[in-house]
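Dear colleague,

I am passing on to you the structure we spoke about, with the sequence alongside. Please look through it first, and then read the notes that follow.

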Amino acid sequence: MKHVLFTTTALVALTGAAMADVTWSGSASLGYNDGHKDGTPDGINSDIDLDVTMSNAGGYSATITAAMESGDSILGSDIAITTPVASINYGEVVEAANSSYSDVDGMAGLGSDEFTAQGAAILISASAGGMTVAYSDDSAMEGGDDSSFGISGDLGGVSFGIGSKGDDWGISASGSALGGTISVASEEVGGNSETGVSVTLPLGDMSLTVSATDGDDWGASVSTTIAGASISAGTDDDEDNQFSLSTDIAGGFGLAVDFDTSDGSAVGLSYALSDSASLSVSYYEDIPGTDDGPQTSGTEAKISFTF
């Protein structure tokens, strides 16, 4: 649930407008955990998040978003400014190279989609004639190691992207083929060059995706819906096998099952108490020798609310 207020002071300095929208939203949960989830100690724990978004409209507009987590002070804020010529994002941004270039599964890729540099970053983008040019950097904008560039667009039904960061670069393209989608990418990252291709095809009620690179990386996955249940499975050259299932079951409960040979297995039940409250119980089984899971083996029971 979101609450919208109207203020005559916020953002006036940015636009000269006399009114802006202020939206408050948040969530709270109380639960029991014995699996050290994300470093949370065993026992009863609570989590409180509060988000505020200030925005206005017009040819020149701005949106400011800030968040407070676990009852602490505001951790950070993001600012998005839109003009008829360009868009400016400040705070946590998608790096320009990452926003333009799309790698194939198994490739290193360029940049980050959660880039903050040494505290805050900036992304400037402009679109014209079906093409978008983007530049990102740290807040000092000195054009050093944190800066990246990207250009993307669509030509004759083929989407393309070019990105660069320092000495690294990447070129990608995708389009419709064989009733599905084919994507190709070529990059040089850290002095290593690699080219890959990915094909997604509809097979009746299923969707099949196969990818491969000239670095001997490959992967395959399939997804489908059976009797209302969403199911997906995949594997790759590292013998990393995944399986997931989510569905509604009797009594209004939701069931989710997840298995990953490089992570672990999890099963969870959820129940909607109302439009803004839910109850969940889950168990996670960590695989010894792996450290990329969200928690060690254990159980969590939680009641959550959104506002």
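**What was found**

The protein chain has 2 helices and 21 strands. Please keep in mind that this is a predicted model, in which the protein chain averages a pLDDT of 87 and 85% of the residues score at least 70. Over residues 1-18, however, pLDDT stays under 50, and the model has 42 contacts beyond four places in sequence for that stretch.

As for the chain overall, buried residues make up 27% of its 307 residues, and the protein chain exposes about 17,200 Å², of which carbon and sulfur atoms supply 57%. Among the contacts with a separation of 6 or more, 31% are between residues 24 or more positions apart.

Turning to the interior, the largest nonpolar core has 7 residues, namely Ala-97, Tyr-101, Val-104, Met-107, Leu-110, Ala-185 and Val-189. Apart from this core lies another, of 6 residues, including Ala-96, Ala-121, Leu-123 and Ala-134. In soluble globular proteins, nonpolar side chains tend to be buried together. Within the 7-residue core, Val-189 is in contact with Ala-108, Gly-109, Leu-110 and Asp-168, if its neighbours within four places in sequence are left aside.

Two members of that core, Tyr-101 and Ala-185, are also contacts of Ile-171, which, leaving aside neighbours within four places in sequence, further touches Gly-161, Ile-162, Val-184 and Ser-186. Ile-171 is found in strand β11 (residues 168-177), and the C-alpha atoms of Ile-171 and Ala-185 are 5.7 Å apart in space, although the two are 14 residues apart in sequence. Why is Ile-171 not itself counted as buried? Its relative accessibility is 44%, so Ile-171 counts as partly exposed, because buried means under 20%.

Ser-61 offers a contrasting case to look at: this residue, placed in strand β4 (residues 61-69), is buried, with a relative accessible area of 16%. Not counting residues up to four places away in sequence, Ser-61 touches Asn-56, Ala-80, Ile-81 and Thr-82.

Further along the chain there is a run of paired strands. Strand β13 (residues 192-203) and strand β14 (residues 206-213) run antiparallel and are joined by 8 bridges, with Gly-196 having Thr-213 in β14 as its bridge partner. The hairpin of β13 and β14 has 2 residues between the strands, and in it Gly-204 takes a positive phi near 65°. β14 also pairs with strand β15 (residues 218-226), again in the antiparallel sense, over 7 bridges, and here Met-206 stands opposite Thr-224 in β15. In the hairpin of β14 and β15, which has 4 residues between the strands, Asp-216 takes a positive phi near 70°.

Finally, how many aromatic pairs does the count come to? There is 1 aromatic pair, formed by Phe-253 and Tyr-271, and this pair is tilted, at 4.9 Å centre to centre and with 40° between the planes. Phe-253 lies in strand β18 (residues 253-260) and Tyr-271 in strand β19 (residues 264-272), so the pair ties together parts that are 18 residues apart in sequence. Phe-253, at 34% relative accessibility, counts as partly exposed, and Tyr-271 is partly exposed as well, with a relative accessible area of 31%.

With kind regards

How values were computed
Residues are numbered from 1 along each chain as its sequence is written. This is a predicted model: local features need pLDDT of at least 70, side-chain atom pairs count only at pLDDT 80 or more; totals for chains, interfaces and linings use all residues. Side-chain values use heavy atoms; hydrogens and water are left out. Buried means under 20% relative accessible area, exposed over 50%, partly exposed in between (1.4 Å probe, protein chains only). Contact means heavy atoms within 4.5 Å. Two strands pair if DSSP finds at least two bridges between them. Accessible areas come from the Shrake-Rupley method with a 1.4 Å probe; for residues, only the protein chains shown count as cover. A nonpolar core is a set of buried Ala, Val, Leu, Ile, Met, Phe, Trp, Tyr and Cys residues joined through side-chain atoms within 4.5 Å. Rings of Phe, Tyr and Trp (its six-membered ring) pair if their centres lie within 6.5 Å; planes under 30 degrees apart count as stacked, over 60 as edge-to-face and the rest as tilted. pLDDT is the predictor's confidence in each residue, from 0 to 100.
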